[in-house]
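Biologist: I'd like to learn how to read a fold like this one. Could you walk me through it?

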2 protein chains.
Amino acid sequence: MNPITLAIDAMGGDDGASVVVPATIRVAKERPEVSFILVGLEHDIQQLLRKHGGDSLTNISIKHASEVVEMHESPTNALRSKKDSSMRVALDCVKHRQASACVSAGNTGALMVTARFVLKTLAGIDRPAITTRFPTMKEGHYSLVLDLGANVNSSSEHLVQFAVMGSVLASEVLQIENPSVALLNVGEEEIKGNDLVKATSNELSQIKALNYTGYVEGDDIYKGTADVIVCDGFVGNVALKASEGIAHLIFEYIRQTFTHNFMSKCVALIARRALKRMKKRIDPAEYNGAILAGLQGVVVKSHGGANEKAFANALRTGVRLAEKNVPEKIRARVEQVLDARQANDVF
Amino acid sequence: MNPITLAIDAMGGDDGASVVVPATIRVAKERPEVSFILVGLEHDIQQLLRKHGGDSLTNISIKHASEVVEMHESPTNALRSKKDSSMRVALDCVKHRQASACVSAGNTGALMVTARFVLKTLAGIDRPAITTRFPTMKEGHYSLVLDLGANVNSSSEHLVQFAVMGSVLASEVLQIENPSVALLNVGEEEIKGNDLVKATSNELSQIKALNYTGYVEGDDIYKGTADVIVCDGFVGNVALKASEGIAHLIFEYIRQTFTHNFMSKCVALIARRALKRMKKRIDPAEYNGAILAGLQGVVVKSHGGANEKAFANALRTGVRLAEKNVPEKIRARVEQVLDARQANDVF
């Protein structure tokens with residue numbers, strides 16, 4: 001296995017280098033055999049490395065980039081006018097094979113647009129997709145949902161490609177053998193899905209290389225009914241955001257409820273501890289690191305608000321994807337599926 | 001104001017008449033001036049009325065219907081082959097002006113298909129929509145989301161009609177003056193919405209009769225950013241089900257957390273009480289009663305699993321919609337909007 005190198009957008013995220021640098025030091029110490037390139041304002045990074053005692057680590061290097069993509073900057077503007085941004089230069093490292101993966105906590109839209117422009121999609125993949133794992137009722141089981149918002153006008157061909165990518169990612173990242181792949185749909189009998197879903201289901205059911213199990217509904221995301229759940233990016237993004245919305249609402253209600261009802265401080269304390277543990281199980285930051293799948297290279301998107309621990313998780317995801325050479329595995333599987341389809345003359 | 005009469009599908013729901021009859025008795029006692037027609041198997045209903053002491057109430061009557069639509073029966077089959085079902089006969093009461101509203105806890109798909117066939121949509125409304133209120137971070141504020149699954153291939157014209165219906169419902173049901181209407185969308189800069197949403201936003205912004213405030217995202221449903229949130233039924237259904245899914249997951253985690261961590265029984269007891277109160281605030285059954293809007297008559301869908309209390313809430317919603325003569329108000333508002341558009345030559 002080739003030595004793994006990560007190119008890290010050191011300036012991305014709400015807290016930029018002050019979170020990224022210590023997180024990188026943490027993972028660099030865990031994985032001395034992996035190399036880490038911190039891309040961004042050299043002076044700032046150097047100072048933080050010293051501050052956090054990372055300047056002595058031989059597997060961390062710095063690559064200067066003079067510009068920073070702002071969190072709310074227009075992605076197209078970032079792509080056009082900031083060719084020396086830490087994000088862009090980190091992606092260039094992957095393009096030029098100086099790194100096998102790029103990790104950024106920066107502007108999601110800018111990362112998607114720039115990554116797609118710099119790295120290009122894999123052969124057989126028309127569009128990249130964003131995915132991350134969702135907790136389920138099944139202890140230790142997670143489901144991968146894609147797309148979460150990279151594409152909002154998906155064709156059934158795009159959804160088929162998402163299904164193939166999801167299947168590979170579930171095997172490689174979640175280590176699930178022959179993962180089940182389902183299509184997100186709605187329940188009412190007489191409106192079993194829209195035209196897109198019906199057409200896609202018909203195609204997926206003909207692909208032997210996929211363990212396609214049919215339709216699931218929104219609540220199945222958290223039931224663990226399927227390992228991979230495929231949907232258009234508009235639907236996936238709404239499902240993700242609505243889930244975050246009601247989760248925040250419930251936690252706010254819990255906070256109010258307990259502060260209203262608990263008499264003794266000790267009880268409130270126990271409750272807080274218990275709820276903190278529980279919240280941890282559902283908190284996306286605990287398994288931070290969304291994957292931009294379908295590109296010629298590994299790209300991991302960390303939450304913009306990620307803390308050191310969460311960003312470290314995104315780095316570990318990047319290392320894992322690079323070690324498993326996931327892009328190559330996706331390319332191979334897509335090729336296999338396309339060949340089989342041409343043979344079956346599905347189209 | 002004309003006397004209000006409700007036609008109630010007495011056999012609908014998981015528990016049928018054994019829940020519907022006592023719930024009806026409860027509301028009939030609250031509202032002696034409102035009449036309630038229990039539609040279904042006369043003998044069963046008669047027995048339950050006697051059992052629950054409702055046989056003496058003069059504002060409850062029985063209308064016999066010999067068939068029952070099963071909860072998982074195909075809606076088209078129910079429509080075609082069960083013309084004497086309690087659901088169908090209750091809807092016929094509304095059609096023939098014997099009742100001003102129909103309330104059913106039966107098969108959702110069958111109710112949608114049969115209601116649309118029997119009552120027809122209002123002038124200017126191409127398709128009915130399902131909506132219900134969602135709890136938000138704002139104390140005492142709810143948002144109406146539509147469509148939740150009646151239509152999964154909506155055109156922008158359909159979404160505009162949903163917006164008008166939602167606006168009327170928010171004023172009449174939630175008593176919000178000049179309710180704000182938003183369009184559900186996704187966040188990423190460069191993919192600000194799919195083609196449908198962009199086209200719809202353009203149209204909504206030209207309708208002066210609506211307080212259109214632009215785009216919101218999935219988490220805004222629970223933030224209370226807008227009073228009415230409009231989306232295609234596929235998206236709305238996924239958002240609703242995903243929310244239910246993660247809510248169940250969180251409550252399951254809470255249950256586990258507390259049973260694991262609380263030592264003393266008294267603490268566990270306080271916690272249970274507190275959580276029960278909190279869960280109540282988020283529980284859809286607490287404000288049970290989804291509205292099938294856009295039909296020539298009031299149709300309220302109760303949860304199939306509704307208990308007596310929840311079904312009573314659905315009945316109260318039916319009474320309220322009938323008292324406010326909501327269908328007529330929707331028709332008038334749609335007409336007003338259509339006229340204005342023709343005048344503005346929007347199309």
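What follows is a chat that goes from the overall make-up to sheets, helices and single residues.

Modeller: Sure. Keep in mind that this is a predicted model.

Biologist: Let's begin with chain A. How many helices and strands are there in chain A?

Modeller: Chain A has twelve helices and eleven strands. It runs to 347 residues, of which 61% count as buried. For that label, the relative accessible area has to be under 20%.

Biologist: And what share of the contacts in chain A join residues at least 24 apart?

Modeller: Take the contacts between residues at least 6 apart in sequence: 71% of those join residues at least 24 apart.

Biologist: Now the sheet. In what order do the strands of the open sheet in chain A come?

Modeller: Read across the sheet rather than along the chain. In chain A the eleven strands line up as β3-β2-β1-β4-β11-β10-β5-β6-β9-β7-β8, the sheet is open, and the pairing is mixed.

Biologist: Which strands of chain A stand at the edges?

Modeller: Those are β3 (60-64) and β8 (211-216) of chain A; each has a single partner strand, so one side of each has no neighbour in the sheet. From one strand to the next, the twist averages 25 degrees.

Biologist: Can you show me one pair of strands up close?

Modeller: Try strand β1 (residues 5-9) and strand β2 (residues 35-40) of chain A: they run parallel and are joined by five bridges. To find your place, look at Asp9(A), whose bridge partner in β2(A) is Val39(A).

Biologist: What is the strand order in the open sheet of chain B?

Modeller: In chain B, eleven strands form an open sheet with mixed pairing, ordered β3-β2-β1-β4-β11-β10-β5-β6-β9-β7-β8. The edges are taken by β3 (60-64) and β8 (211-216) of chain B, each with a single partner strand, so each is left without a neighbour on one side. Neighbouring strands here are turned by 25 degrees against each other on average, ignoring direction.

Biologist: Let's step inside that sheet. Are the faces of strand β4 of chain B covered or bare?

Modeller: For a strand, check the side chains on each side in turn. In β4 (residues 101-104) of chain B both faces are covered: Ala101(B) and Val103(B) are buried on one side, and Cys102(B) and Ser104(B) are buried on the other.

Biologist: How many bridges join β1(B) to β4(B)?

Modeller: Three, and the two strands run parallel. One bridge links Ala7(B) with Cys102(B) in β4(B). β4(B) also pairs in the parallel sense with strand β11 (residues 298-301) of chain B, over four bridges. There, Ala101(B) stands opposite Val298(B).

Biologist: What about a pair further along?

Modeller: Strand β7 (residues 180-184) and strand β9 (residues 228-230) of chain B pair in the parallel sense over three bridges. Val181(B) stands opposite Val228(B) in β9(B).

Biologist: On to helices. Which strands does helix α1 of chain B lie across?

Modeller: Helix α1 (residues 17-30) of chain B lies across β1 (5-9), β2 (35-40) and β3 of chain B, and runs at about 170 degrees to β2(B).

Biologist: How do I read one helix against another?

Modeller: Look at how the axes approach and at the angle where they cross. The axes of α1(B) and helix α11 (residues 308-323) of chain B come within 8 Å and cross at roughly 55 degrees. That angle makes α1(B) oblique to α11(B). The crossing is right-handed. Among the residues in contact are Val20(B), Ala23(B) and Val27(B) of α1(B), with Phe311(B), Ala312(B) and Leu315(B) of α11(B). The contact residues divide into eight nonpolar, one polar and five charged.

Biologist: And at what angle do α6 and α7 of chain A cross?

Modeller: At roughly 50 degrees; the axes of helix α6 (residues 156-172) and helix α7 (residues 195-204) of chain A come within 9 Å. So α6(A) is oblique to α7(A). α6(A) passes α7(A) in a right-handed crossing. The residues of this contact divide into six nonpolar, two polar and two charged.

Biologist: One last residue: is Gly109(A) buried or exposed?

Modeller: Gly109(A) is buried, because its relative accessible area is 0%. You'll find Gly109(A) in helix α5 (residues 108-119) of chain A.

How values were computed. Residues are numbered from 1 along each chain as its sequence is written. Chains are lettered from A and ligands numbered from 1 in the order in which they are written. This is a predicted model: local features need pLDDT of at least 70, side-chain atom pairs count only at pLDDT 80 or more; totals for chains, interfaces and linings use all residues. Side-chain values use heavy atoms; hydrogens and water are left out. Axes are lines fitted to C-alpha atoms, for helices over the stretch in contact, and angles run from 0 to 180 degrees between N-to-C directions. Angles under 35 degrees count as roughly parallel, over 145 as roughly antiparallel, 65 to 115 as roughly perpendicular and the rest as oblique. A crossing is left-handed if the near helix is turned anticlockwise from the far one by less than a right angle, and right-handed if clockwise. Ala, Val, Leu, Ile, Met, Phe, Trp, Tyr, Cys and Pro count as nonpolar, Asp, Glu, Lys and Arg as charged, and the others, Gly among them, as polar. Two strands pair if DSSP finds at least two bridges between them. Contact means heavy atoms within 4.5 Å. Buried means under 20% relative accessible area, exposed over 50%, partly exposed in between (1.4 Å probe, protein chains only).
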